[in-house]
Amino acid sequence: MTAPAVLRALRKNKTLRYGVPMLLLVVGGSFGLREFSQIRYDAVTIKIDPELEKKLKVNKITLESEYEEEDSRPVETWM
């Protein structure tokens with residue numbers, strides 16, 4: 001067989017045409033998902049600065065506090 005005949009045979013082979021890209025997608029996706037899920041667990045172990053943590057606790061805004069603040073204002077001033 002000559003080189004063009006081999007290339008033509010490989011182009012017509014459905015396993016090489018559809019199977020190999022699918023296999024690469026599955027295996028590559030597995031490695032990609034592993035890396036992204038590892039980022040999730042690495043972010044949990046990161047400690048924040050104690051000063052920043054104190055500021056966050058002091059300035060904590062909750063849904064209930066915002067509701068109470070809006071509820072105390074007259075309806076005419078809502079807009």
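Glu-35 is partly exposed, with a relative accessible area of 45%; partly exposed covers the range between buried, under 20%, and exposed, over 50%, computed with a 1.4 Å probe and protein chains only. The side chain of Glu-35 meets that of Arg-34 in a salt bridge, at 3.4 Å from N to O. The term stands for a side-chain nitrogen of Lys or Arg within 4 Å of a carboxyl oxygen of Asp or Glu. The structure holds one such bridge. Arg-34 is also partly exposed, at 47% relative accessible area.

This is a predicted model, in which local features need pLDDT of at least 70, side-chain atom pairs count only at pLDDT 80 or more, and totals for chains, interfaces and linings use all residues. Residues are numbered from 1 along each chain as its sequence is written, and side-chain values use heavy atoms, with hydrogens and water left out.

pLDDT is the predictor's confidence in each residue, from 0 to 100. The chain has a mean pLDDT of 83, and 96% of its residues reach 70 or more. Confidence is highest in helix H2 (residues 14-45), at a mean of 89, and lowest in helix H3 (residues 50-58), at 79. Helices here are DSSP runs of H or I with at least four residues, numbered from the N terminus.

Helix H2 has 32 residues, which should span 46 Å at 1.5 Å a residue; its end C-alpha atoms are 47 Å apart, in agreement with that figure. The expected span is 1.5 Å times one less than the number of residues. At the N-terminal end of H2, Asn-13 acts as a cap: one of its side-chain oxygens lies 3.1 Å from the backbone nitrogen of Thr-15.

A nonpolar patch on the surface is formed by Val-6, Leu-7, Leu-10, Leu-16, Val-20 and Leu-24, with about 500 Å² of accessible area together. Such a patch joins nonpolar side chains (Val, Leu, Ile, Met, Phe, Trp, Tyr) within 5 Å, taken from residues with over 30% relative accessible area and no salt bridge. The areas come from the Shrake-Rupley method with a 1.4 Å probe, and for residues only the protein chains shown count as cover. Helix H1 (3-12) and H2 each supply at least two residues of the patch. Leu-7, in helix H1, is partly exposed at 48%.

Three further residues are listed by helix and accessibility.

| Residue | Helix | Relative accessible area |
|---|---|---|
| Ile-39 | H2 | 52%, exposed |
| Thr-45 | H2 | 58%, exposed |
| Glu-53 | H3 | 34%, partly exposed |

Some C-alpha separations relate these residues to others. Ile-39 and Pro-50 are eleven residues apart along the chain, and their C-alpha atoms are separated by 23 Å. From Glu-53 to Ile-39 there are 14 residues in sequence and 22 Å in space, C-alpha to C-alpha. Within the sequence, Thr-45 and Glu-35 are ten residues apart, with 16 Å between their C-alpha atoms.

Key:
Patch = residues over 30% accessible without salt bridge, like charges linked within 9 Å, V, L, I, M, F, W, Y side chains within 5 Å. Polar contact = N/O pair within 3.5 Å; in protein donor to acceptor, adjacent residues only side chain to side chain.
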